[in-house]
Amino acid sequence: MNEQGNKVIMETYKRFPIEFVSGEGCILTDSQGKKYLDFVAGIAVNSLGHCHPGFTEAVKKQLDTLVHVSNLYWTKQGISLAQALVKYSGLDQVFFCNSGAEACEAALKLCRVYAKLYKSPDAVEIIAMDQSFHGRTYAAITATGQKKYQKNLEPLMPAISHVPFNDIEALKKQITPDTCGIILEAIQGEGGINPADPAYLKEVREICDRENIVLIFDEVQTGIGRTGALFAYQKYGITPDVVTMAKGLGGGLPIGGIIAKEKFAKAFTPGSHASTFGGNPLVCAAGNYVIETLMSDGFLADVQKKGDYLKAKLTALKEKHTCIKDVRGMGLMIGVEVDKAPGEIVAKAMENGLLLVGAGDSAIRFVPPLVVTEAEIDQAVEIFEKAL
Ligand SMILES: *Cc1c(COP(=O)(O)O)cnc(C)c1O
């Protein structure tokens with residue numbers, strides 16, 4: 001399997017020697033018939049789990065009706081998904097693309113275009129955070145604050161700099177009249193599940209208002225219900241100017257996008273930006289079903305409750321196992337910091353039928369489908385403890 005795959009697929013991932021063939025809810029089955037509890041969820045993608053019946057039906061229906069037309073035309077699915085996102089985000093206009101990197105790309109373009117029109121032609125500087133992750137396209141990887149992802153890619157994009165996360169003085173020092181945008185994650189995902197300090201975000205918001213700087217929240221991982229709110233900024237009680245999304249939005253189908261306040265959104269005009277596949281009726285039907293489900297009565301409150309339950313159980317493990325240094329995160333986005341190689345623990349858990357994924361250099365991430373049950377959480381924590 002590895003040999004066959006590596007012969008024809010570029011080795012950009014170190015893959016485990018497992019081939020998955022089917023899934024149901026939070027359970028995945030491999031080609032040997034072995035079952036796994038999935039606390040990776042395609043890295044925070046399968047928000048409704050695997051083969052959710054309502055989701056499957058909605059997508060199948062759309063597949064039978066209309067899959068793709070160019071964005072030269074309208075479709076009801078695209079408009080209704082944008083309407084729902086606008087309604088629940090408190091922002092004004094959406095641009096659809098296909099992935100998280102593309103969403104960040106769109107946001108970074110938008111802040112420069114906005115600044116050219118409404119600030120100064122010289123305002124091109126973008127500030128990003130150390131340990132951040134924004135995706136693999138050139139602007140997104142330049143904004144990513146982790147050198148290991150940038151190896152051999154130089155020259156990177158100009159005028160994108162980094163400051164330490166949660167350090168307001170470092171940020172203030174970096175800002176000049178030429179700063180057009182600041183991009184950050186409310187909880188750094190790939191960087192190790194590092195939550196922003198609420199007071200820090202509030203001050204960043206105030207600075208951006210005062211200095212006419214576009215504040216971008218990259219919610220590709222934190223968004224779409226992951227933290228127990230539709231977007232993490234809603235938990236922090238502040239509103240960014242532009243928010244990026246992708247991962248969980250299509251429940252497994254590839255869709256991404258940005259939502260912006262009108263003032264910023266209007267900086268894009270016909271020709272400013274585009275995407276051939278972006279927001280086609282098939283992926284938007286998937287997105288509509290996901291958002292409808294998440295916003296149905298009690299769903300997000302339940303995510304919050306299950307997240308608290310998971311976090312409490314993991315925190316209790318910390319008392320027993322000195323190798324656990326910290327348990328952090330929000331909702332169903334929890335990281336466990338350990339003082340030994342996370343890879344070994346992840347491998348051990350996998351042997352015992354639990355899928356987990358590392359985050360940063362020393363954290364293990366729990367990002368199960370949002371439909372996970374307390375019984376499944378119990379089971380996962382039990383396997384995790386055995387792996388420790
Ligand atoms: C995963 C991720 C991205 C990149 O998304 P892709 O769909 O892989 O391009 C960007 N930002 C954050 C915060 C992410 O977690």
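**Exercise 1. Which backbone oxygen does the side chain of Gln234 reach, and at what distance?**

*Solution.* The model is predicted; local features need pLDDT of at least 70, side-chain atom pairs count only at pLDDT 80 or more, and totals for chains, interfaces and linings use all residues. Residues are numbered from 1 along each chain as its sequence is written, and side-chain values use heavy atoms, with hydrogens and water left out.

Step 1. Locate the residue: Gln234 belongs to helix H9, residues 232–236. Helices (H or I, at least four residues) and strands (E, at least two) are DSSP runs, numbered from the N terminus.

Step 2. List its contacts, that is, heavy atoms within 4.5 Å. Leaving aside residues up to four places away in sequence, Gln234 touches Tyr88, Ser89 and Ala229.

Step 3. Look for polar contacts (pairs of N or O atoms within 3.5 Å; within protein, one must be able to donate a hydrogen and the other to accept it, and residues adjacent in sequence count only if both atoms are side-chain atoms). The side chain of Gln234 reaches the backbone oxygen of Tyr88 at 2.7 Å. A polar atom of that Gln234 side chain also lies 3.3 Å from the backbone nitrogen of Leu230.

Step 4. Assess exposure. With a relative accessible area of 31%, Gln234 is partly exposed; buried means under 20%, exposed over 50%, and partly exposed in between (1.4 Å probe, protein chains only).

**Exercise 2. Determine which residues surround the ligand and which polar atoms approach it.**

*Solution.* Step 1. Take as near any residue with a heavy atom within 4 Å of the ligand. The residues found are Ser99, Gly100, Ala101, Phe133, His134, Gly135, Glu185, Asp218, Val220, Gln221 and Lys247.

Step 2. Sort this shell: 3 residues are nonpolar, 5 polar and 3 charged. Here Ala, Val, Leu, Ile, Met, Phe, Trp, Tyr, Cys and Pro count as nonpolar, Asp, Glu, Lys and Arg as charged, and the others, Gly among them, as polar.

Step 3. Examine the ligand's oxygen and nitrogen atoms. Polar side-chain atoms lie 2.6 Å from a ligand oxygen in the case of Lys247 and 2.7 Å from a ligand oxygen in the case of Gln221. From Phe133, a backbone N or O atom lies 3.2 Å from a ligand nitrogen. The protein buries 81% of the 380 Å² that the ligand exposes when taken alone, by the Shrake-Rupley method with a 1.4 Å probe.

**Exercise 3. Establish how the buried residues of helix H13 are arranged and what they pack against.**

*Solution.* Step 1. In H13 (residues 342–351), the buried residues are Pro342, Ile345, Val346, Ala349 and Met350. Viewed down the axis of H13, they fall within an arc of 140° and so line one face of the helix; the arc is that of the directions from the helix axis to the C-beta atoms.

Step 2. Glu344 and Glu351 are exposed on the other side of H13.

Step 3. The buried residues of H13 pack against several elements, including strand E14 (333–338) and helix H14 (374–387).

**Exercise 4. Identify the backbone features of Ala41, Ile43 and Pro155.**

*Solution.* Step 1. Ala41, although not a glycine, has a positive phi of about 55°. Ala41 is buried, at 0% relative accessible area.

Step 2. Ile43 lies in helix H2, and its phi is near 60°. Ile43 is partly exposed, at 26%.

Step 3. The peptide bond from Glu154 to Pro155 is cis, with omega near 0°; Pro155 sits in the loop between helix H6 (138–143) and strand E6 (160–163).
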